[in-house]
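Please open the model in your viewer and keep the selection panel at hand. The tour below goes from one selection to the next and says what is found at each stop.

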Amino acid sequence: GCNPLAETGRSKLQNQRAVLNQQILKAVRMRAGAENLLRATTNNKVREQVLLELSFVNSDLQILKEELEGLNISVEVYQNTEETFSIPLVPLGLKETKEVDFTLPLKDFILEHYSEDSSEYEDEIADLMDLRQACRTPSRDEAGIEMLISYFLQLGYVENRFFPPTRHMGVLFTWYDSFTGVPVCQQNLLLEKASILFNIGALYTQIGTRCNRQTQAGLENAVDAFQRAAGVLSYLKETFTHTPSYDMSPAMLNVLVKMMLAQAQECVFEQIGLPGIRNEFFTLVKMTQEVAKVGEVYMLVNTAMNQEPVKENIPYSWSKLAQIKSDHYKALAHYFIATILCDHELQSGDDEDQQEKALSQLYDYVPEGLMVLTVLKDKVQRKQLGKAHLRKAIVYHEEALRVCGLCKKLRNIDVLQEVLTAAHKRSLLKYAQQETEDDFLSLIQAPDILPKTEHKIETIAPQFSKVKVKDFFHRLGPLTVFSAKQRWTAPRTIHIHHEAGELGFSLKGGSPVQIYCLDPACSAASMGLKEGDYIVSVGGVDCKWLGVNEVLEKFKSVGEQPIEVEVISCQDTAASMHSKSATYSVGMQKTYSLICLAMEEDKTDQTKKAPLKLPFLSWGTKNRQKAASTLCLPSAVAGSSRMKKKLSPFTLLNTESSLY
């Protein structure tokens, strides 16, 4: 990752975002405490003081939210450093997170679940934590994207290795909302994966805004980056449907996808017009349709941003910028078609049918009393319709300037003001060049322009398979067998002796290999080897990743000498999970206990009904008698099944044989 202390404009913004997130967290906690006190108290004087404090806290939160919005609209920092005369594009800020320490939870799980020395995996755990730390400050290029994707893929391995579906690991992930700054804390690894995906999409948007929009290659890269950003955000919306953060809610992600596709469409229009727009009939027709398409997609973005519940959380300046861009590009569409009508009279050598067809494609309808071919041939009608389009263009330009002037954040973006003002002056100049004697007589209203594009913009799905990642915890064994969902016995050491050149069993499977066709009479079986056992080491050498041939070679290499083999037996997950019960006994702490559901009274007593299973939460006397300690397993004592003596919890605790 990048140096988090580097004094770049982007790092300063991220540091300010982190500080604001902490302040918002403090204010949210104060508000929660005040609301709890307000519900609890009945004292009128206290209630008045709490209400006053709540008003201060809410106003403070509003100010902090406005400051965060200011960071989200600080688009100049993310733009290309080259001098440009283009409306700024909007990037997404990276989500901030707190540090996470994986060391103790993963080491405990390795020791408990995999029965291995957890100290041997300290380097792998450190690598995982270093990678996560680096992902907090990724570089704004393909290397940064690749690093975030590699961590996302690594989380898939970590989830399968260490996060069983039946319990939490005690690792708390905290991520801050990109728009509200409110933290979300969960022990669910899905929050981590979803947040990393959001940051991948956000980083693509920052790469897109950084591209040089004065070159064809830069615009192509910008279009590609915004399409990939939309693809990642769309994948996030479809894959993680119940994210607890506002910025990753389906409604918000839907708006963000539309915004990224609109910015890609805007870059496509700039790409077409980069060589220069020739004042030629068919060229202007094409540019009219393309720019009308940009205006349409930004209108849809603005409409989506003003819908509930997105309206409450998306930056106000973003919706206003979308409205400004919609009006600006609609104005350009009317300006282009006005130029067609005012500057290009039908000549004798022109193809009437082609021009009529091209012009008719621009309109959904033609004003009453006009026909396209007539307009092309009649100089007066051409001028009237052209001036009507210019008037509409000027109206759109003025509306864009008005909205920009009303928004404080956008008013301070100089290049935005310059672009809008220049376009407005150009339309005014064009209108002033036309004859004005018929202005009061012309009642023609310029019709709307049909948008059309030859460059369809679609999302590009994330291609995670292109990033090759090696599982940090590869040494634990093949993931298909050695995962958090599987349960095994602890490794058992078996001394295998060759009997007349025979082992007494066969091997099958890939890696690790399994015991197959075990001879019950062989020495290995008498020492505890079972059918279906997995061989994890031979002669002290780990062989979890070895196939049948490699393991057989190790057996052959020792000749007739006995060899030590470590094996494990896979347990049935459903059968191996003991019933759990929260118990409480006298003054003891509440604990989860392994309950002895039923002890065999007498094997010969077949008619006796089996006792009912205890519920998950059972606080009765019987439960206290049967489960007072954290681990209370039945001890097999001869003749004890007929004893009816009742034992108190303290008797169980004081009996050595009852403790495991």
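For the stops that sort residues by type, Ala, Val, Leu, Ile, Met, Phe, Trp, Tyr, Cys and Pro count as nonpolar, Asp, Glu, Lys and Arg count as charged, and the others, Gly among them, count as polar. Please also keep in mind throughout that this is a predicted model.

**First stop: the largest cavity**

Select Val90, Met259, Gln263, Tyr298, Val301, Met305, Trp318, Leu321, Ala322 and Lys325, which together line the largest cavity. This cavity has a volume of about 50 Å³, and the count for the model comes to four cavities of 30 Å³ or more. Which elements give two or more residues to the lining of the largest cavity? They are helix H8 (250-273), helix H9 (281-305) and helix H10 (316-343), so colouring these helices separately is a convenient way to follow the lining. The largest share, four residues, comes from H10. By type, the lining of the largest cavity divides into eight nonpolar residues, one polar residue and one charged residue.

**Second stop: H8 and its contact with H7**

Keep H8 displayed and add helix H7, which covers residues 216-239. The two helices pack with their axes 9 Å apart, at an angle of about 165 degrees. Because angles over 145 degrees count as roughly antiparallel, H7 is described as roughly antiparallel to H8. If you look along the contact, H7 passes H8 in a left-handed crossing, and the residues of the contact between H7 and H8 divide into 17 nonpolar, six polar and three charged.

**Third stop: from H7 to H6**

Now hide H8 and select helix H6, residues 189-210, together with H7. Here the axes of H6 and H7 are 8 Å apart, and the helices pack at an angle of about 165 degrees. That angle makes H6 roughly antiparallel to H7, and the crossing in which H6 passes H7 is left-handed.

**Last stop: Pro138**

Finally, select Pro138, whose place is in the loop between helix H4 (122-134) and helix H5 (142-162). Is Pro138 buried or exposed? Its relative accessibility is 1%, and since buried means under 20% relative accessible area, Pro138 counts as buried. To end the tour, add Ile200 and draw a distance between the two C-alpha atoms: Pro138 and Ile200 are 62 residues apart along the chain, and their C-alpha atoms are separated by 9.6 Å.

Technical notes
Residues are numbered from 1 along each chain as its sequence is written. This is a predicted model: local features need pLDDT of at least 70, side-chain atom pairs count only at pLDDT 80 or more; totals for chains, interfaces and linings use all residues. Side-chain values use heavy atoms; hydrogens and water are left out. On a 1 Å grid over the protein atoms alone, a cavity is a set of points where a 1.4 Å probe fits but cannot get out, and a pocket is an open set with protein on both sides within 12 Å along at least five of seven lines; lining residues have an atom within 4 Å of a point. Grid points are joined across faces, edges and corners, and a volume is the space filled by probe spheres set on the points. Buried means under 20% relative accessible area, exposed over 50%, partly exposed in between (1.4 Å probe, protein chains only). Axes are lines fitted to C-alpha atoms, for helices over the stretch in contact, and angles run from 0 to 180 degrees between N-to-C directions. Angles under 35 degrees count as roughly parallel, over 145 as roughly antiparallel, 65 to 115 as roughly perpendicular and the rest as oblique. A crossing is left-handed if the near helix is turned anticlockwise from the far one by less than a right angle, and right-handed if clockwise.
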